Amino acid sequence: MADRPKLVLAMAPDVLALVLPPALRARLDALADVHPVLVTDTAEPAAAAPLADAQVLLTGWGAPVLDTAALARAPRLAAVVHAAGTVKGHVRPEVFARGIAVSSAADANAAPVVDYTMAAVWFAARRALGTAADYVAGRQPALTERRGADGAVIGVIGASRIGRGVIARLRAAPTGFRILLADPYVTPAEAAALGATLTDLDDLCRGSDVVTVHAPDLPETRHLLDARRLGLLRDGAALVNTARGSLVDTDALTRECATGRIDAYLDVTEPEPLPRGHRLLALRNVLITPHIAGAQGTEVQRLGRHAVDDVERWIRGEPLLGAVHAADLARIA
Ligand SMILES: NC(=O)c1ccc[n+]([C@@H]2O[C@H](COP(=O)([O-])OP(=O)(O)OC[C@H]3O[C@@H](n4cnc5c(N)ncnc54)[C@H](O)[C@@H]3O)[C@@H](O)[C@H]2O)c1
């Protein structure tokens, strides 16, 4: 069809296969005129022709940065549809300034993070790691020492899309979790509507059995959990971090976990990856996974599906489901 929009794919080659398996690729081909050249570097001579015509860029992990120079090569560009979470890595303010529509698949990426967090919270609420560490050391807790999840207090930092997803799942659980929430952008009434009690971050640290971190990496969230706040956590409490490593002071966390006072379930660290031999990696009451909570493997096509859905909406002139607005950038991931 002559009126189909010109679409260019821009992501790492190995990502493309995961994002657009054959059935999704066929759907995209039916919607748009997809250029055969995959763009990974906008300055390469091979990128000139596809960018000159491109109306839609479908980006993914490994996408090139879209700055003034890249935009100058894409004079017809009207939409950037990202088949991954945050667009902050590659979409520069110039893109918004030019009125180009931007969409991300952060909603699709949030679902597996919520699942991962819930698994960690269930383990943490029963003190699985600390108990496992004791067991390796030859100690078994007496029945009266064992902790159950019923009535546990879960402190959620950030009513982000993932934080809200976690709160919804905590509420649906049969355990009667009590939920505390710390988020400067949420009112007490909004927190109550979510099913949580809005609280100051210090009180959340003091009052929770499990603290789970879901705020974005922003200048003001750096080391939100510093040595002082980690020191406020109850004996036997656990920290779950699936957000970003920068939100937690790694040295202070290592010191707290090394005493056995608190446990930690970490999908993200600072630095990431941790250097081989880092003390945190050797602690039995700390579980560290290498940033796998988001979509991976077979789940990555969820991101592609979200992107193709938004390409279709853009073609129809409908609002984009994953629309990203410049005004929100200072408080979103
Ligand atoms: N581990 C992974 O694989 C993985 C995958 C996706 C996202 N993440 C991370 O998860 C976190 C949440 O992502 P998201 O897409 O749900 O975020 P989001 O963009 O929805 O978060 C924005 C919200 O965070 C809250 N917030 C902002 N500043 C805050 C502060 N100082 N304290 C508390 N809350 C604050 C506000 O409610 C704001 O609206 C981010 O750190 C993101 O990078 C990790």
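The following legends describe close-up views of a predicted model. Local features require pLDDT of at least 70 and side-chain atom pairs pLDDT 80 or more, whereas totals for chains, interfaces and linings use all residues. Residues are numbered from 1 along each chain as its sequence is written, and side-chain values use heavy atoms, with hydrogens and water left out.

**View 1. The shell of residues around the ligand.** The ligand is surrounded by 27 residues, a residue being counted if one of its heavy atoms lies within 4 Å of the molecule. I162, D183, A215, R331 and A333 come nearest. By class, the shell holds 14 nonpolar, eight polar and five charged residues. Here Ala, Val, Leu, Ile, Met, Phe, Trp, Tyr, Cys and Pro count as nonpolar, Asp, Glu, Lys and Arg as charged, and the others, Gly among them, as polar.

**View 2. Polar contacts and burial of the ligand.** Polar contacts with the ligand are pairs of N or O atoms within 3.5 Å. A side-chain polar atom of D267 is 2.9 Å from a ligand nitrogen atom. A polar backbone atom of T242 lies 3.0 Å from a nitrogen atom of the ligand. An N or O atom in the side chain of H291 is 3.4 Å from an oxygen atom of the ligand. Taken alone, the ligand exposes 880 Å², of which the protein buries 91%; these areas come from the Shrake-Rupley method with a 1.4 Å probe. Two or more residues of the shell are contributed by each of the elements α6 (106-125) and α8 (161-172). Helices are DSSP runs (H or I, at least four residues) and strands likewise (E, at least two), numbered from the N terminus.

**View 3. Packing of α6 against α8.** The axes of α6 and α8 are 9 Å apart and form an angle of about 45°. Axes are lines fitted to C-alpha atoms over the stretch in contact, and angles run from 0 to 180 degrees between N-to-C directions. The two helices α6 and α8 are therefore oblique to each other, the class left once angles under 35 degrees (roughly parallel), over 145 (roughly antiparallel) and 65 to 115 (roughly perpendicular) are set aside. The crossing of α6 and α8 is right-handed, the near helix being turned clockwise from the far one by less than a right angle.

**View 4. Backbone geometry in two loops.** Most residues other than glycine have a negative phi, and most peptide bonds are trans. The peptide bond from E270 to P271 is cis, with omega near -5°, and the bond from E272 to P273 is cis with omega near 0°. P271 is in the loop between β11 (263-266) and α13 (279-282), as is P273. H223, in the loop between β9 (210-213) and α11 (227-232), has a positive phi near 50°.

Methods
Polar contact = N/O pair within 3.5 Å; in protein donor to acceptor, adjacent residues only side chain to side chain.
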